[in-house]
Amino acid sequence: MSDSIMFTVGLTGGIGSGKSAVAQLFREHGITVVDADQAAREAVLPGSPALAEIRTHFGGPVLKENGSLNRAWLRGAVFADPKQRQWLEALLHPAIAVLIDEALANAASPYAILESPLLLETSQHTLVNRILVVDVSEATQVARAIQRDGGDEAQIRAIMDAQISRYGRLGRADDIIDNDGPLAALEPAVAALHQRYLALAAQHTGQ
Ligand code: ADP
């Protein structure tokens, strides 16, 4: 559980569930949304301590000529090697958490949202006070992810298999948005949660 003053809601869901759509609606209520994917990219920018350690560990080929991370090379290096993957995750997860914490601490809204596809798969859930899950049926998830990203069902299913299961995720939720309906249904669902979170945030800071 987060010990920061800011009341923070973790927003998660599987690929294509509608996290970005929900996050955008919270932004329209003036709420700061911290994007864990963005923190993950920042953690390995040229000049970062994490990128220097990766360079020392894997050697020159892990960098492109311009000094940025060669993600395709790194993916290949850890793909079939759980030890290397573990090493990388032990380095990156804390570095990403530090950046997320900083961004949350700078949030200037009554509460903040951490949007993360890996909230429950990493220690990121320890940074939040409450968990909001965007839920859709697997059929909807596959159809929307293919429509957005292209690719085929097997590729989307492979990504889904690497994430926590739908029911595992729902079991961890404090709040759930059912996003199997039309986009227009998200707006009132987010408006209602926004009111709930404002009340919870007021209690939280009043403690
Ligand atoms: P995530 O961020 O969880 O991967 P997105 O918010 O990008 O998911 O949603 C996946 C795709 O489905 C996007 O193209 C989005 O516009 C679309 N989408 C989201 N919610 C709905 C909905 N209720 N009805 C129809 N399309 C939706």
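## A five-strand parallel sheet and its helices

The protein has nine helices and five strands, and what you are looking at is a predicted model. Following the chain from its start, the elements come in the pattern β-α-β-α-α-α-α-β-β-α-α-α-β-α. With a radius of gyration of 18 Å, close to the 17 Å that the globule rule gives for 207 residues, the protein is as compact as a globular protein of that length. Along the principal axes, its C-alpha atoms fill a box of roughly 50 × 40 × 30 Å.

A few whole-protein values help to set the scene. Of the 207 residues, 43% are buried. The protein exposes about 11000 Å², and carbon and sulfur atoms supply 54% of that area. Among contacts with a separation of 6 or more, 73% are between residues 24 or more positions apart.

Now to the sheet. In what order do its five strands stand? The order is β2-β3-β1-β4-β5, in an open sheet with parallel pairing. Strands β2 (32-35) and β5 are at the edges with a single partner strand each, so one side of each is left without a neighbour in the sheet. On average, neighbouring strands are turned by 25 degrees against each other, direction ignored. Helix α1 (residues 19-28) packs on this sheet and touches β1 (8-12), β2, β3, β4 and β5. The direction of helix α1 makes about 165 degrees with that of β3.

If you would like to trace the pairing by eye, these three strand pairs are a handy place to begin, each with one pair of facing residues.

| Strand pair | Bridges | Residues that face each other |
|---|---|---|
| β2 and β3 (residues 112-115) | four bridges, parallel | valine 33 and isoleucine 113 |
| β1 and β4 | four bridges, parallel | glycine 10 and isoleucine 131 |
| β4 (residues 130-135) and β5 | four bridges, parallel | valine 134 and isoleucine 177 |

Strands β4 and β5 make a nice pair to look at together. In a regular strand the side chains alternate between the two faces of the sheet. How many of the six residues of β4 are buried? Six of its six residues are, so to speak, under cover. One side of β4 carries Arg130, Leu132 and Val134, the other carries Ile131, Val133 and Asp135, and both faces are covered. Strand β5 (residues 175-178), by contrast, has a covered face with Asp175 and Ile177 and an uncovered one with Ile176 and Asp178. Ile177, on the covered face of β5, is the residue that stands opposite valine 134.

Away from the sheet, alanine 77 is worth a closer look. Where does alanine 77 lie? It lies in helix α4 (residues 71-79). Is alanine 77 buried or exposed? It falls in between: its relative accessible area is 25%, so it counts as partly exposed, since buried means under 20% and exposed over 50%. Leaving aside neighbours within four places in sequence, alanine 77 is in contact with Phe58 and Gln84. Valine 62 is 15 residues from alanine 77 along the chain, and the C-alpha atoms of the two are separated by 9.0 Å.

Terms used: Residues are numbered from 1 along each chain as its sequence is written. This is a predicted model: local features need pLDDT of at least 70, side-chain atom pairs count only at pLDDT 80 or more; totals for chains, interfaces and linings use all residues. Side-chain values use heavy atoms; hydrogens and water are left out. Buried means under 20% relative accessible area, exposed over 50%, partly exposed in between (1.4 Å probe, protein chains only). Helices (H or I, at least four residues) and strands (E, at least two) are DSSP runs, numbered from the N terminus. Two strands pair if DSSP finds at least two bridges between them. Axes are lines fitted to C-alpha atoms, for helices over the stretch in contact, and angles run from 0 to 180 degrees between N-to-C directions. Contact means heavy atoms within 4.5 Å. The radius of gyration is taken over C-alpha atoms; the globule rule is 2.2 Å times the number of residues to the power 0.38. Accessible areas come from the Shrake-Rupley method with a 1.4 Å probe; for residues, only the protein chains shown count as cover.
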